[in-house]
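Reader: I'm new to this one and would like to be walked through it. Could we take it a question at a time?

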Amino acid sequence: VQLQASGGGSVQPGGSLRLSCRAPGRVASRYAVGWFRQFPGKGRTFVAGITWHGITESEDSVRGRFAVSAGNYDDTVVLEMRGLRPEDTAVYYCASAKTLGQVQQGSIDSWGQGTQVTVSS
């Protein structure tokens, strides 16, 4: 599966951004898609993810601010980010695996390209 991420950019603290990940065959092939972020000099960490049938999970620090979603028959997974903070600045990646549990554990089958999110005043 070739994932294609888009969105990102620069925003002031408190602002919002929307990331999209095109995940061909997400529903038909029944796989989960997640978002990770990577801070400079660090590894990639799980942010939020969604199963093929719409169950979502998110990491504690973003819960209530970030929301992951996808249409029932839509292969695009969206990460809506609100209330952005400077500490959210990172490169964001989408990724896929058979189950959301595997995504959360970092057992990834495919990665999309990274997209930079910068939050600063």
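Author: Here is a short run of questions and answers, starting with the overall build and moving on to salt bridges and single residues.

Reader: Before anything else, what kind of model is this?
Author: Keep in mind that no value here goes beyond what was computed from the model. The model is predicted.

Reader: How many helices and strands are there in the chain?
Author: Follow the chain along its sequence and you get the pattern β-β-β-β-β-β-β-β-β-α-β-β. Tallied up, that comes to one helix and eleven strands.

Reader: What radius of gyration does the chain have, and does that agree or disagree with a compact globule?
Author: The C-alpha atoms fill a box of roughly 40 × 30 × 25 Å along the principal axes. For 121 residues, a compact globule would come out near 14 Å, so the chain's value agrees with that: 13 Å.

Reader: Among contacts between residues at least 6 apart in sequence, what share joins residues at least 24 apart?
Author: Start with the inside: buried residues account for 42% of the 121 residues. As for those contacts between residues at least 6 apart, the share that joins residues at least 24 apart is 56%.

Reader: How much of the accessible surface belongs to carbon and sulfur atoms?
Author: The chain's accessible surface comes to about 6100 Å². The part belonging to carbon and sulfur atoms is 46%.

Reader: How far apart are the mean positions of the positive and negative charges?
Author: The chain carries 12 positive and 9 negative charges. Take the mean position of each set, and the two lie apart by 2 Å.

Reader: How many salt bridges does a search of the whole structure find?
Author: Side chains of opposite charge can pair when their charged atoms come close. Searching the whole structure for such salt bridges gives a total of five.

Reader: Which residue does arginine 18 form a salt bridge with?
Author: The closest N and O atoms of this pair are 2.5 Å apart. Arginine 18 sits in strand β3 and its partner in strand β8, so the bridge ties together parts 62 residues apart in sequence. Arginine 18 itself is partly exposed, at 47% relative accessibility. The partner is glutamate 80.

Reader: Are arginine 65 and aspartate 88 buried or exposed?
Author: Their side chains meet in a salt bridge, 2.7 Å from N to O. Arginine 65 is in the loop between β6 and β7 and aspartate 88 in the loop between β8 and β9, so the pair links parts that are 23 residues apart in sequence. Salt bridges that share partners also join these two with Arg37 and Glu59 into one network. As for the two residues asked about, both are buried.

Reader: Is aspartate 60 buried or exposed?
Author: Aspartate 60 meets arginine 63 in a salt bridge at 2.8 Å, N to O. Arginine 63 has 48% relative accessibility and counts as partly exposed. Aspartate 60 has 60%, and since over 50% is the cut-off, aspartate 60 counts as exposed.

Reader: Which residues is serine 110 in contact with, leaving aside neighbours within four places in sequence?
Author: You'll find serine 110 in strand β10. Its relative accessible area is 13%, so serine 110 is buried. Those neighbours aside, its contacts are Val1, Leu3, Cys94, Ala95 and Ser96.

Reader: How far apart are the C-alpha atoms of threonine 99 and glutamate 87?
Author: Threonine 99 is in the loop between β9 and α1, and at 37% relative accessibility this threonine is partly exposed. Along the chain, threonine 99 and glutamate 87 are twelve residues apart. Their C-alpha atoms are separated by 28 Å.

Key: Residues numbered from 1 in each chain as written. Predicted model: local features only at pLDDT ≥ 70, side-chain atom pairs only at ≥ 80, totals over all residues. Heavy atoms only, no water. Salt bridge = Lys/Arg side-chain N within 4 Å of Asp/Glu carboxyl O. Helix = DSSP H or I, 4+ residues; strand = E, 2+ residues; numbered from the N terminus. Buried < 20%, exposed > 50% of the residue type's maximum accessible area, 1.4 Å probe, protein only. Rg over C-alpha atoms; globule rule 2.2 N^0.38 Å. Contact = heavy atoms within 4.5 Å. Areas by Shrake-Rupley, 256 points an atom, 1.4 Å probe, with all protein chains shown as cover. Lys, Arg positive; Asp, Glu negative; His and termini not counted. Charge placed at Lys NZ, Arg CZ, Asp CG, Glu CD.
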